[in-house]
Amino acid sequence: MKPSSEMIELMEKGFDFENFLNTHINGILAVREDGRLLLADHDATTLLGYSPSQLNGQPVSLILPKLQLPIAGQGRPQQGHTIAIQKNGEEIPVSYTVRQSPAEVEERIFFLLLFQDVAEKQKAGQDLMQSQKTLEAVINTAVDGIIIIDKKGIMQMANPAASRLFGYEVDEMRGQNVNILMPSPHAGEHDGYISNYLKTGTEKIIGIGREVEGLRKDGARFPFKLGVSRVELEGKVLFAGVIHDLTEQKRAEARILYLNKELEQKVEERTEKLTEVVNKLLQSNIKLEREIKERKAAEAALRQKQEQLRRSLEKEKELSELKSRFVSMASHEFRTPLTTIASSTELLGLYTESGQQEKRDKHLRRIKSAVTNLTGILGDFLSLSKLEEGKIQVNPVPFTLENLGEEVVEEMQSLLKPGQQLRTDFRDVQQNTFLDKKILKNIFINLLSNAIKYSGERSTVHFELFQEGQTIRAAIRDEGIGIPKEDQKHLFTRFFRATNSVNIQGTGLGLNIVKRYIDLLDGRIWFESKEGEGTAFFIEITWQKE
Ligand code: ADP
């Protein structure tokens, strides 16, 4: 603040401005005894909205209409609150101090007036009151109990919720030790808690919050959650406790526990029942599975029986087919040898003369050959029907191939055509073999008689035998009519006869029988043939040790 000339003059006359300035002031006025303004400082004019010159000489009531100046000569300063009017007419609350100036200007008394805008302060006061009221309302209407105790445990304040919870009147609680609200042993130990806390700072509850039990005036206990905070107010240590009733929560918890237990029991019961049902189900499953198994086995047995039946029916059918085929074949094939026998026997009766012996011999040979033919056909048929019925048993015996070969060659001699030769090539055949000799002999006789039958006079038939370890190999080669290419694949089929052999007697059974014999001995048979050039059959059989 820049001092005006009047202020300098005042200061020269010993006025203590410093004292005034130490107070928070917003304005300084010097007022003459007649109530007219002598001066107004910069702050005063600014606050009131005037320029300094505008206020000089004006009555002080213009700006402070309700101010009563003190009576001159009393000397004591006067303080108070009043309203100041701004130039724009707005009112502002001010506090003021007015006193008679110790000095005089031009021998006239004047007053010094300091004033301060208290609008802010007033507002702060109002705010404080408002917040106090709010706080009070909050405390009074709080659902949770609030109790404030001092460091000796004496209750300083309790809110209505606390009174409701503990069953005491608010006034009854105030001044009492808080331990009346606690059941033993906490009641007895509570003072100790506080002093221990104050001494060591070790917090049992403060700032932590825990669940404790409260004791009502009527002796009933109830659970609550306690939160305690330490408050320092005007140098005094206080503790504020917030009591949150847990009765309902505990009841709900207990109910939940009860319901849970009930549920668990129900679950257990149901599980037991379920286990029972599952067990029954499992058992019936096992039973069912067993039944299914049994049924499957029965079905399999039935199928097997059916299959057996089908097979035996088929065999039956085949056999009857075979028989009828044989009857038709026999009626045809038997005719020629039987006619031969009939005519030759008749002629034999005619050649009675002694010189006709040659003729008789010729007819006897014819008869013999026809009988051999018939025997062969019958033999084949018997073999086949035995094979069909599974009556042929493999009966291995020790014998040498050499021996067997020679026997076969011997038997073949009578079949050879004029000029035909049977050449043998037997190698390593002195060792014993272990096979069914009868079957093997049949095979060789069949193949050799075919070779002789299907080749011409003066041709050669080769019979080769070779033995190596437990394997025998045989080849029967001829220079005969051969087998047409297109017929070769059917050669081992029953009753099959190649197209180029229709004029030669035969039944189509021999090779089929040979193939079956070879199969019985687990051997192999194959052939090479060229029509018009000749045929070679090959055999390979391995036997198991004796
Ligand atoms: P079959 O000789 O009684 O007719 P096989 O079963 O022994 O009956 O022979 C079947 C057919 O194979 C014969 O009819 C013949 O056509 C042909 N065949 C067999 N062996 C020979 C061979 N060595 N040379 C030419 N053809 C043959």
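**Ligand shell and the pairing of helices H9 and H11**

In this predicted model, the ligand is surrounded by 20 residues, and those that come closest to the ligand are Tyr454, Arg497, Ser501, Thr507 and Leu511. When the residues of this shell are sorted by class, nine are nonpolar, eight are polar and three are charged. Two helices, H13 (437-453) and H14 (510-520), each contribute at least two residues to the shell around the ligand, and H13 makes the greatest contribution, with three residues.

Polar side chains approach oxygen atoms of the ligand at several positions. Serine 501 places a side-chain N or O atom 2.7 Å from an oxygen atom of the ligand, while for tyrosine 454 the distance between a side-chain N or O atom and a ligand oxygen atom is 2.8 Å. Asparagine 450 likewise has a polar side-chain atom that lies 2.8 Å from an oxygen atom of the ligand. Of the 530 Å² that the ligand exposes when taken alone, 98% is buried by the protein.

A further feature of the model is the packing of two helices. The axes of helix H9 (residues 247-333) and helix H11 (residues 357-388) come within 11 Å of each other and cross at roughly 175°. Because angles over 145 degrees count as roughly antiparallel, H9 is described as roughly antiparallel to H11. On the H9 side, the contact is formed by Lys315, Glu318, Leu319, Leu322, Lys323, Phe326, Met329 and Glu333, which meet Ile377, Leu378, Phe381, Leu384 and Glu388 of H11. By class, the contact of H9 with H11 comprises eight nonpolar and five charged residues, with no polar residues.

Terms used:
Residues are numbered from 1 along each chain as its sequence is written. This is a predicted model: local features need pLDDT of at least 70, side-chain atom pairs count only at pLDDT 80 or more; totals for chains, interfaces and linings use all residues. Side-chain values use heavy atoms; hydrogens and water are left out. A residue is near a molecule or strand if one of its heavy atoms lies within 4 Å of it. A polar contact is a pair of N or O atoms within 3.5 Å; within protein, one must be able to donate a hydrogen and the other to accept it, and residues adjacent in sequence count only if both atoms are side-chain atoms. Accessible areas come from the Shrake-Rupley method with a 1.4 Å probe; for residues, only the protein chains shown count as cover. Helices (H or I, at least four residues) and strands (E, at least two) are DSSP runs, numbered from the N terminus. Ala, Val, Leu, Ile, Met, Phe, Trp, Tyr, Cys and Pro count as nonpolar, Asp, Glu, Lys and Arg as charged, and the others, Gly among them, as polar. Axes are lines fitted to C-alpha atoms, for helices over the stretch in contact, and angles run from 0 to 180 degrees between N-to-C directions. Angles under 35 degrees count as roughly parallel, over 145 as roughly antiparallel, 65 to 115 as roughly perpendicular and the rest as oblique. Contact means heavy atoms within 4.5 Å.
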